[in-house]
Amino acid sequence: MLSVDSLLQPIDLDSMRAKLADGGCSSSSCGSSAKPGDMDAATWEKIKDHPCYSEEAHHYFARMHVAVAPACNIQCNYCNRKYDCANESRPGVVSEKLTPDEATRKVITVANEVPQLSVLGIAGPGDACYDWNKSKATFENVAADIPDIKLCISTNGLMLPDRVDELAAMNVDHVTITINMVDPEIGVKIYPWIFYKGKRYTGLEASQILHERQMIGLEMLTSRGILTKINSVMIPGVNDEHLVEVNKWVKERGAFLHNVMPLISDPAHGTHFGLTGQRGPTAMELKALQDKLDGGAKLMRHCRQCRADAVGLLGEDRGQEFTKDLLPETVAYDASKREAYREIVARERGDHVAAKQEAIGEVRAADSAGTLLVAIATKGGGRVNVHFGHATEFQVYEAGPKGIVFVGHRKVEQYCEGGFGEDATLDSVIGALEGVELVLCAKIGDCPKDQLAAAGIAVSDAHAHEYIESAISAEYQARFGASDIVLTA
Ligand code: CLF
Ligand code: SF4
């Protein structure tokens, strides 16, 4: 059977094709992935290859950002202009700014070398709708060379209403607005000033204008059928409770997804919140809020708060392979790798969806009220396929009466470097796994396994290279289902 590891790096498309010709997929349900029952076909067509808009797609498809828009028209208390836009990136990492021409060369170079690429996003490092001419020129240039790439933009919303018609004309059908409040009194604690129509506003008036423009922009996008994702930064004690209200407002106005992201706050970033000791939420506080929002606007839980120049699958960053000095002077687009990859993924994905549905059915059939929080070491493809010591993040799933639900990810420092693991690093990994009851990975040594067990976290490598949901189902049933299944952890 074609394994996910062959779908991921290094990509050898010829051997992948040969394996498929030999009868690759194991399931009789081969074919493109299934559309969720609660979604119309046109919407599914828009999101099925978008790694941010579809949790399933993020196992297979990559996005890249080009940092063409450095200027910004507002000040957020979690942002320092020296660093990337915190709306769509981790603060603390400086972007390499690009002109539209450099950006176009970069996108073509990446498309030729990273067949998973499906989306070009502009997410700053300032505001893409304020620094508009460069954003627009980049989209137009890239769309002319790579017509099937999805165009995606992220904005604070202040200038959005003025851009919606041009976005629609350019076929940009994914727009993210960062909305942290719908009550300007709360906005005052987040935004010290905005710059609008040549004038600087502060205090309540600034937040009032920003709020009104965000709502108008969202309604305009909805009326044009453009899919809108709302990003909200969860700031404990400032807007955490209030995000319930935000979720309600954006749902009423047609938002497709709501992505609640934890505030990243560190004095070293030089932000107002960092310097004044405002903390970000813990992983479990974030999960508790997301659980509370369940049933409102559909939630995105797999965001990686990526950099404004990120390249690759969510959770990986290949940006350093494509810096300006490494780009060729001229480059022509070659569609062959991306096309071949899509063909292969369509089949692998059909197999995965069938396995996932079966696993979810098994967990529900266990008819237990028990829940199990499981962390998975994976490098994509929907499989358990990374050694514990090599993981830089774990994807977290909850199995229980609702089936198997993706609930988020935990970033960790890589425990094993050069064949050895440091105790201090393992302690920090264990700390990051707060609340997790079971870890599934491709391989783990006795020493970290024992230390995880001492911290109350079971771990198993018995499901190496299985689909994530199939592995979770087996473990769930071992705990809450039929008694004749052997517990592997
Ligand atoms: Fe980029 Fe944003 Fe488009 Fe995705 S990111 S502009 S919607 S292509 Fe995705 Fe990154 Fe989270 Fe953004 S993981 S920060 S949600
Ligand atoms: Fe920073 Fe982005 Fe806020 Fe502008 S919108 S201040 S770049 S986080």
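How many aromatic pairs does the structure hold? In this predicted model, the number of aromatic pairs is 6. Such pairs are described by the distance of the ring centres and the angle of the planes. One of them joins Phe388 and Phe394, whose ring centres lie 5.7 Å apart, with 40 degrees between the planes, a geometry classed as tilted. Both partners are buried: Phe388 has a relative accessible area of 3%, and the corresponding value for Phe394 is 0%. Together with Tyr415, Phe388 and Phe394 form one aromatic cluster. An aromatic ring is also approached by a charged side chain, since Arg383 lies over the face of Tyr467 at 4.0 Å from the ring centre, which satisfies the cut-off of 6 Å for such an arrangement.

The overall architecture may be summarised as follows. The chain comprises 489 residues, of which 57% are buried. Its secondary structure consists of 15 helices and 18 strands. Among contacts with a separation of 6 or more, 73% are accounted for by residues 24 or more positions apart.

In soluble globular proteins, nonpolar side chains tend to be buried together. In the present model, the largest nonpolar core contains 86 residues, and those with the most contacts inside it are Val66, Tyr78, Leu120, Ile153 and Val175. Helix 8, spanning residues 203-223, provides the largest share of this core, with 7 residues. Apart from this core lies another, made up of 23 residues, including Ala391, Val429, Ile430 and Leu452.

Helix 8 was examined further. This helix has 21 residues and reaches 31 Å from its first C-alpha to its last, close to the 30 Å expected at 1.5 Å a residue. Its buried residues include the nonpolar Ala206, Ile209, Leu210, Met215, Leu218, Met220 and Leu221. Ser207, His211, Arg213, Gln214 and Gly217 are likewise among the buried residues of helix 8. Just after the helix, Gly225 takes a positive phi of about 75 degrees.

Two buried serines illustrate the packing of helices against segments elsewhere in the sequence. Ser135 lies in helix 5, which covers residues 132-145. With a relative accessible area of 0%, Ser135 is buried. Neighbours within four places in sequence aside, Ser135 is in contact with Val68, Ala69, Ile122 and Ala128. Its C-alpha atom is separated by 9.2 Å from that of Val66, although the two residues are 69 residues apart along the chain; Val66 is itself one of the residues with the most contacts inside the largest nonpolar core. The second serine, Ser473, is placed in helix 15, residues 468-480. Ser473 is also buried, at a relative accessible area of 0%. When neighbours within four places in sequence are set aside, Ser473 contacts Ala359, Glu362, Val363 and Ile404. The C-alpha atoms of Ser473 and Glu358 are 9.1 Å apart, with their positions 115 residues apart along the chain.

With regard to cysteines, the structure holds 0 disulfides. Cys52 is found in the loop between helix 3 (41-47) and strand 1 (62-65). Its relative accessible area is 14%, so Cys52 falls under the 20% limit and is buried. Not counting residues up to four places away in sequence, Cys52 touches Lys229, Leu257, Met300, His302 and Leu314. Of these, His302 is 250 residues away along the chain, yet the C-alpha atoms of the two residues are separated by 7.4 Å. Cys416 has a relative accessibility of 19% and therefore also counts as buried, the limit being under 20%.

Backbone conformation was considered for two residues in loops. Most residues other than glycine have a negative phi. Asn171, which is not a glycine, nevertheless has a positive phi of about 60 degrees. This residue lies in the loop between helix 6 (160-169) and strand 5 (174-178). Asn171 counts as exposed because its relative accessibility of 61% is over the 50% limit. Asp367, also not a glycine, has a positive phi of about 55 degrees. The loop that contains Asp367 runs between helix 12 (336-365) and strand 12 (372-376). At a relative accessible area of 69%, Asp367 is exposed.

Definitions and conventions
Residues are numbered from 1 along each chain as its sequence is written. Chains are lettered from A and ligands numbered from 1 in the order in which they are written. This is a predicted model: local features need pLDDT of at least 70, side-chain atom pairs count only at pLDDT 80 or more; totals for chains, interfaces and linings use all residues. Side-chain values use heavy atoms; hydrogens and water are left out. A nonpolar core is a set of buried Ala, Val, Leu, Ile, Met, Phe, Trp, Tyr and Cys residues joined through side-chain atoms within 4.5 Å. Buried means under 20% relative accessible area, exposed over 50%, partly exposed in between (1.4 Å probe, protein chains only). Helices (H or I, at least four residues) and strands (E, at least two) are DSSP runs, numbered from the N terminus. A disulfide is a pair of cysteine sulfur atoms within 2.5 Å. Rings of Phe, Tyr and Trp (its six-membered ring) pair if their centres lie within 6.5 Å; planes under 30 degrees apart count as stacked, over 60 as edge-to-face and the rest as tilted. A charge sits over a ring if NZ of Lys or CZ of Arg is within 6 Å of the ring centre and within 35 degrees of the ring normal. The expected span of a helix is 1.5 Å times one less than its number of residues. Contact means heavy atoms within 4.5 Å.
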